[in-house]
Structure formats: C-alpha cells, structure tokens
Amino acid sequence: MNIAIAGTGYVGLVSGVCLAEKGHHVTCVDIDEAKLELMRQGHSPIYENDLEELMRNNNAAGRLHYTSDYRSAYAHADAIFIGVGTPEMADGSANLSYLSDVCRQIAESVEQDCLVVIKSTVPVGTNDKVERFLHDFQKHPVKIEVASNPEFLAQGTAVHDTLKAARIVIGTESAEAEAVLREIYEPFGLPIVSVSRRSAEMIKYASNGFLALKISYINDIANLCELVGASIDDVVEGMKYDSRIGEKFLHAGIGYGGSCFPKDTSALFSLANSLHYELKTVDAAIQINRKQKLRLFQKARERLLTLQGLKVAVLGLTFKPGTDDLREAPSLVNIPLLLEAGADVYAYDPAGIPHFRKKYPSEVTYCASVKEALTDADACFIFTEWPEIASLEPGMFKSWMKNALVFDGRNIWKPEKMAESGVEYYSIGR
Ligand code: UDX
C-alpha cells in the first residue's frame, strides 16, 4: 500500500520504518529539511535501537522516502498515519494543535479515497472530530475516513515493540476502514483487536493509566515497607508468582517519567474531570509519583547536616535506560534541588548529557565516565539504571568515593552486599 506518515518523532518514524520493513511504500513527511536529509542518509534523529539499520535497508530498497512536500505525499496515499505529538497543556489536557495543523494539510491535499489513521494518543472522541473536520474542509470530493490505531511502543525497544507487538488495536466505524487496516497489518502476523474508534482511544489511556498505577502502587507499598520493617524485594518476590498479578512493572524506585505515563495520566484525569467524573485511581497514581520523585532527596536531607559544598555524583539523567530522552526524568526534579542546597553536581549519563547540558550549561559538571563522576565524591545519587551503572561492583563506590554514601533511586544493589563492602546505602522500600 501507498502510505504517508505525518510526523517523524518516536511514533511516526518508527511506524513508518516498520511499515516499510513489512513491504509497504512509505513516505515520511516533516517540515525540517536538515532532518529529512539526515534521514535520507539513514541517520535517525532519535536515539533508538535497531532503527538506523532498518532505515538504511528500506531506504536502499526504495520503500522509504522522506519529504517536506506534504501535498504530493498525501494526494495519492491509500492511508495517512498521523503520529504527531499531543503534549500536556498547563491544565493537564492534551494539546491537539499539531494534530489540527496536520489535518488542515490533509484536507487540502487528498485527491483520492483515503483512510486517515490516528496513532497519536488523543482524548476519546478526537477521531470523530477529526473526521468531521476533514469532511468540512476537504478540497476534493473523495471519500476520507478516520480510524484509530493507538501505539504501545516503549522507548529504547520501539522497533521490537512495533514489529513484535503483543496486539494491534484498530478502531473503526466501517467495514471498509477495518479492511484497509487489516490489509496493512496482515504482513505483521500479529493478533488484531478490532473495536470502535472510541474504545480504541480508550484502550490506550486505560493501558497507560493501569501501568502507571501499577508502578505507583508498588512505590506506595515500598514506602510502607520502610515504615514496617519489610523489604519490597521480598514482598514482590512473594506477589509475582500469582499470575493474576505478574512480575512486570513492579519495580519500586524513584517514580516513572517519560513522554507517556505522566502526560497520559494527566490527560485521562482531565478528560474524566471534564465529564464530571472523578477518576480517583489515576489521580492517586499521579500524586504518588509526584512525591516519589522527591523521596531520595528527602533521605539525603535526613542523613546529612548540609549538602553545601559537597561533591555529589549523579549517575543517570534520562528517564530510563536506552534513550536520550529527559522528559519528566527524576533528574530534572532532583538536580535543581541539589544545586539549590549548594552541592557541586558531577553528572554522568551515556546518552542524556547533550540534552541536559542545554538546560544546565554551566551549573553542572559533566563527566566522561562513571569513575570520573564518583572519584572523591561525598555522596552519589542514582537516577537511571543504565547497564554500565547497574554493573558497578559495590567495592568501586568504596574505593573511588571520598565517602561511600549512595542514594539509589532504582534499587540496583542488594543492601547486604553494599553493607559488606562498607557502602552506606539508601534505596527505596528496603
Ligand atoms: C510507556 C509504555 O510502556 C508504552 O507501552 C507506551 O506506549 C508509552 O509509555 P516508555 O515511557 O517508553 O513506555 O517506558 P517504560 O519502559 O514503560 O517506563 C516508563 C517509566 O516507568 C520509566 O521512568 C521507568 O523507569 C518507570 N518504571 C517502569 C518503573 O519505575 N518501574 C517499573 O516497574 C517499570
């Protein structure tokens, strides 16, 4: 099929590349010429495993193209996938301005019957509005339908999550639209859940809300474990064998970040609020997460008379390993607090430093290695469990730091092992 992709961020680009990989003819549309040229040469503008290899293969095979000329890309597309961002607004709701800009362009460009597929996470009912908008403003008398096809990829594993998705959700209002999407996804050989558009939109929010709630729940229980003298590791070990609970997303720590959970939980809560329904579970997940990001810093305040003039090593800046994304990362909340308290912050991250430096060009000293950050440090904070951080031996803290005092927001080491090596160790829920 001839497919156009609007937006070349995580969702758009990864979808486009994977659709090309499965044999479709794909044109990615973006306004940034420099970025387009980079992509034509097989360089990915986002940090994502396996993506560049697939881009190069599909560029070379002539299945994947990049253009700023949206008119020609949309005019004769069988399907147009929209993967633009829907960032959080000040009131918690989703900002649909990028989506509406793209819809305007689609309405003026489409010259043949076409299915517009919304992959962006959008409030329930948006697909209906988009369809009406396209019908109101379309320039040519062709049949345009809208379908929902939410994206469940996680950063760092986006290509794998797309090619080997647990399920593909499609939300349509007609048999024709359903048939087009089934044909597009047929080569993936994955289970397809076909529902109404509104249910599809809701599945995405309900899934992310549930996962965020699962993390906040285990963080809440971890905090209680500290008070009652239990260990969250042992508690999870005892819970996870129950297949109704499972073992995933029960890793307690400094709270969730990223481009989805914080934004989507706020949008879901705000959507419910606008309908006069108080979504207490999701609100609890949001509130717990907000507080959780501060717990490690509070532990340091309780332990230390002052942070003034201390050399503090920070290991990990990104919201999780395998990405250079800083959105809603715990580092963004904690480093300003450390700086405000007078600490000299020495930070290391394998991928996040260039973006972090843009926000804090001179306030933080950026290190080229874990060892450089830890050498002679008075305390260490761990915000991201990158493999090279998680593989540190406890003895390294002892031999490199001035005071082996470690605040670990990711529960990487066993407290007993750290104690045996002479490291004073604080983590979450144990
Ligand atoms: C998430 C969803 O997994 C994905 O399905 C959706 O499409 C987008 O949002 P992502 O934000 O990329 O993906 O990362 P994910 O691996 O889910 O982690 C999100 C945050 O939760 C990270 O900050 C991570 O550190 C945290 N987390 C995750 C925990 O604190 N504990 C856990 O047990 C799991």
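Leaving aside its neighbours within four places in sequence, which residues is Leu13 in contact with? Select Leu13 in this predicted model and display what surrounds it: beyond those sequence neighbours, Leu13 is in contact with Gly7, Thr8, Cys28, Met39, Ser44, Pro45, Ile46, Leu51, Met55 and Tyr66.

Next, widen the selection from Leu13 to the core around it. The largest nonpolar core has 37 residues, and Leu13 is listed with Leu19, Phe81 and Leu181 as those with the most contacts inside it. Helix α1, residues 10–21, supplies the largest share of this core, namely seven residues. Apart from this core lies another, of 36 residues, which can be located by selecting some of its members, among them Leu250, Leu296, Phe297 and Ala347. As a general background to both stops, nonpolar side chains in soluble globular proteins tend to be buried together.

Now move to helix α8, residues 175–185, and select Glu183, which is found there. Although Glu183 and Met1 are 182 residues apart in sequence, their C-alpha atoms are 8.7 Å apart in space. Not counting residues up to four places away in sequence, Glu183 touches Met1 and His24.

The aromatic rings make the next stop, and the structure holds 12 aromatic pairs. Select Tyr256 and Phe261, whose pair is edge-to-face, with 5.8 Å centre to centre and 90° between the planes. Tyr256 counts as buried because its relative accessible area is 5%, under the 20% cut-off, and Phe261 is likewise buried, with a relative accessible area of 13%. For a stacked pair, select Phe356 and Tyr360, which lie 5.3 Å centre to centre with 25° between the planes; Phe356 and Tyr360 are both buried. Then select Phe381, Phe383, Phe407 and Tyr426 together, since these four form one aromatic cluster.

The tour ends at an internal space. The count comes to one cavity of 30 Å³ or more, and the largest cavity has a volume of about 40 Å³. To outline the largest cavity, select its lining: Ile118, Ser120, Thr121, Val122, Asn127, Ser148, Asn149, Pro150, Ala200, Glu201 and Lys204. The largest share of that lining, three residues, comes from helix α9, residues 197–228. Colouring the selection by residue class will separate four nonpolar, five polar and two charged residues in the lining.

Methods: Residues are numbered from 1 along each chain as its sequence is written. This is a predicted model: local features need pLDDT of at least 70, side-chain atom pairs count only at pLDDT 80 or more; totals for chains, interfaces and linings use all residues. Side-chain values use heavy atoms; hydrogens and water are left out. On a 1 Å grid over the protein atoms alone, a cavity is a set of points where a 1.4 Å probe fits but cannot get out, and a pocket is an open set with protein on both sides within 12 Å along at least five of seven lines; lining residues have an atom within 4 Å of a point. Grid points are joined across faces, edges and corners, and a volume is the space filled by probe spheres set on the points. Helices (H or I, at least four residues) and strands (E, at least two) are DSSP runs, numbered from the N terminus. Ala, Val, Leu, Ile, Met, Phe, Trp, Tyr, Cys and Pro count as nonpolar, Asp, Glu, Lys and Arg as charged, and the others, Gly among them, as polar. A nonpolar core is a set of buried Ala, Val, Leu, Ile, Met, Phe, Trp, Tyr and Cys residues joined through side-chain atoms within 4.5 Å. Buried means under 20% relative accessible area, exposed over 50%, partly exposed in between (1.4 Å probe, protein chains only). Contact means heavy atoms within 4.5 Å. Rings of Phe, Tyr and Trp (its six-membered ring) pair if their centres lie within 6.5 Å; planes under 30 degrees apart count as stacked, over 60 as edge-to-face and the rest as tilted.
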